[in-house]
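Hi,

Here is the structure I promised to pass on. Have a look at it first, and then read my notes underneath.

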Amino acid sequence: MGPFVAVLATLDTKAGEAFYLRDVLAELGIPTRLVDVGLRPTELTDPDRDIPAEAVAHAAGASLADLREGTRRDRAMTEMAAGAGLLLRIWHGAGQLAGALAIGGSQGTAVAAAAMRSLPYGVPKVIVSTVASGDVRGYVGDSDVTMMFSVADLLGGPNAVTAPVLRGAAAAVAGMVAAGRPAPLDGARPLVATTAFGNTHAAVTTATDRLRAAGVDTVAFHASGACGSAMERLVAEGMFAGVLDLTTHELLGEIEPADIYAPVRPGRLTAAGERGIPQVLVPGGCEYFCFGAADTIPAHLRGRPVHHHNSQNTNVRAGAAELDRFGALFAQRANAATGPTAVLVPLKGWSEVGSPGGILHDPEANAAFVARLRADLAPHVEYGELDLSINDPRLAVEAADALLRHLPTRATATAIPIRGVT
């Protein structure tokens with residue numbers, strides 16, 4: 001059998017739907033391998049090709065009987081996810097896995113999503129789920145899993161409502177497989193990661209222009225929790241030569257976990273330091289916490305200045321005590337870096353709404369962060385304060401140039417004009 005799509009399901013409850021996905025993919029010319037991630041063993045139609053639940057448990061170093069009878073259910077399903085993830089990675093490493101497709105309720109979705117998250121970016125990953133219209137952050141994390149809402153329950157095989165959804169999911173995976181992966185970049189130009197918010201957009205675009213003119217390509221990550229965590233993962237995997245971290249809001253989410261942009265995995269501002277690659281850190285978007293609709297603001301933060309970014313994104317001003325704690329954590333992460341690290345602080349504001357004239361402008365609160373940095377940053381960390389707002393082009397140029405001084409590029413950063421700034 002050539003490269004195949006793994007179809008993950010709890011076959012004791014979703015066999016009809018799983019067989020339907022297999023048959024649709026066969027129509028589309030895509031081989032499949034069913035992977036049973038349930039705790040109750042079922043008879044497979046093709047035992048020479050498909051993977052029984054016992055084999056999935058064994059891959060995790062467990063027995064299905066023990067998981068079913070002697071292990072708390074959530075822990076048992078975690079073990080099944082680990083086993084399925086290991087099998088997926090083995091098949092991918094051997095060049096056998098073309099993609100992964102799963103169906104599930106809350107349990108099947110949790111197992112399949114955890115297994116799929118362990119695969120590299122770019123491998124097709126689709127889950128049809130009864131819970132996909134809710135909060136899927138815990139399932140998707142910082143991966144590129146595609147979630148499709150099943151509309152009706154996945155029960156008793158495909159029906160007039162679920163069959164079109166399932167067929168569409170199979171066709172989507174088949175299309176992803178057929179499209180293949182893009183040709184890799186030639187690697188002649190250094191590649192840098194940067195971080196952005198709408199409120200720091202001007203700084204990011206100016207800095208990106210500066211880097212591009214110097215022969216450096218960039219990939220921007222929205223500082224939305226998942227994106228920043230994905231950046232950390234890719235930095236750890238060696239994809240980038242440096243990081244221009246202009247929007248470090250996600251680290252503030254480690255101070256206030258209710259922030260909807262808290263990282264999906266802890267450890268923002270760590271990967272670049274651990275790899276020893278150059279990084280420039282700026283407190284972009286760090287004057288405020290991010291929540292959903294206005295009625296989701298935690299009680300202890302109500303009554304503060306608020307920016308209504310849109311109907312599903314409300315920004316609440318961070319106070320001096322919180323920014324002091326944030327400054328201590330920021331300095332701790334910067335101090336731990338093994339490579340060139342610079343911290344730049346625009347003293348007039350860290351976002352569009354936090355700069356003079358903005359509803360969240362509060363230099364006294366920001367001063368607590370600055371004082372903590374001055375006290376805690378180690379001597380090996382370059383530190384600079386600029387009497388500017390973050391979206392002033394001069395800040396972006398200074399930040400880009402600080403990174404360029406440590407990157408493998410033949411360009412001379414100070415000789416590159418950008419939008420009238422010299």
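Keep in mind that this is a predicted model. I'll begin with the sheet: six strands, written as 6 strands in the order 7-6-8-9-13-14, make an open sheet with parallel pairing. Its edges are strand 7 (217-222) and strand 14 (382-386), each of which pairs on one side only. Going from one strand to the next, the twist averages 20°.

At the strand 14 end, the partner is strand 13 (residues 341-346), and these two pair in the parallel sense over 5 bridges. If you want a spot to zoom in on there, Pro346 stands opposite Leu386 in strand 14.

Now over to the other end of the sheet. Which strands does helix 8 lie across? Helix 8 (residues 201-213) lies across strand 6 (191-196), strand 7 and strand 8 (242-245). Relative to strand 6, helix 8 runs at about 170°.

The other place I looked at is Thr10. You'll find Thr10 in the loop between strand 1 (4-9) and helix 1 (11-27). Is Thr10 buried or exposed? Its relative accessible area is 11%, which is under the 20% cut-off, so Thr10 counts as buried. The Thr10 side chain also makes a polar contact with the side chain of Thr13, at 2.9 Å. Leaving aside neighbours within four places in sequence, Thr10 is in contact with Ala15, Asp36, Val37, Gly38 and Gly108.

Cheers

Terms used
Residues are numbered from 1 along each chain as its sequence is written. This is a predicted model: local features need pLDDT of at least 70, side-chain atom pairs count only at pLDDT 80 or more; totals for chains, interfaces and linings use all residues. Side-chain values use heavy atoms; hydrogens and water are left out. Helices (H or I, at least four residues) and strands (E, at least two) are DSSP runs, numbered from the N terminus. Buried means under 20% relative accessible area, exposed over 50%, partly exposed in between (1.4 Å probe, protein chains only). A polar contact is a pair of N or O atoms within 3.5 Å; within protein, one must be able to donate a hydrogen and the other to accept it, and residues adjacent in sequence count only if both atoms are side-chain atoms. Contact means heavy atoms within 4.5 Å. Two strands pair if DSSP finds at least two bridges between them. Axes are lines fitted to C-alpha atoms, for helices over the stretch in contact, and angles run from 0 to 180 degrees between N-to-C directions.
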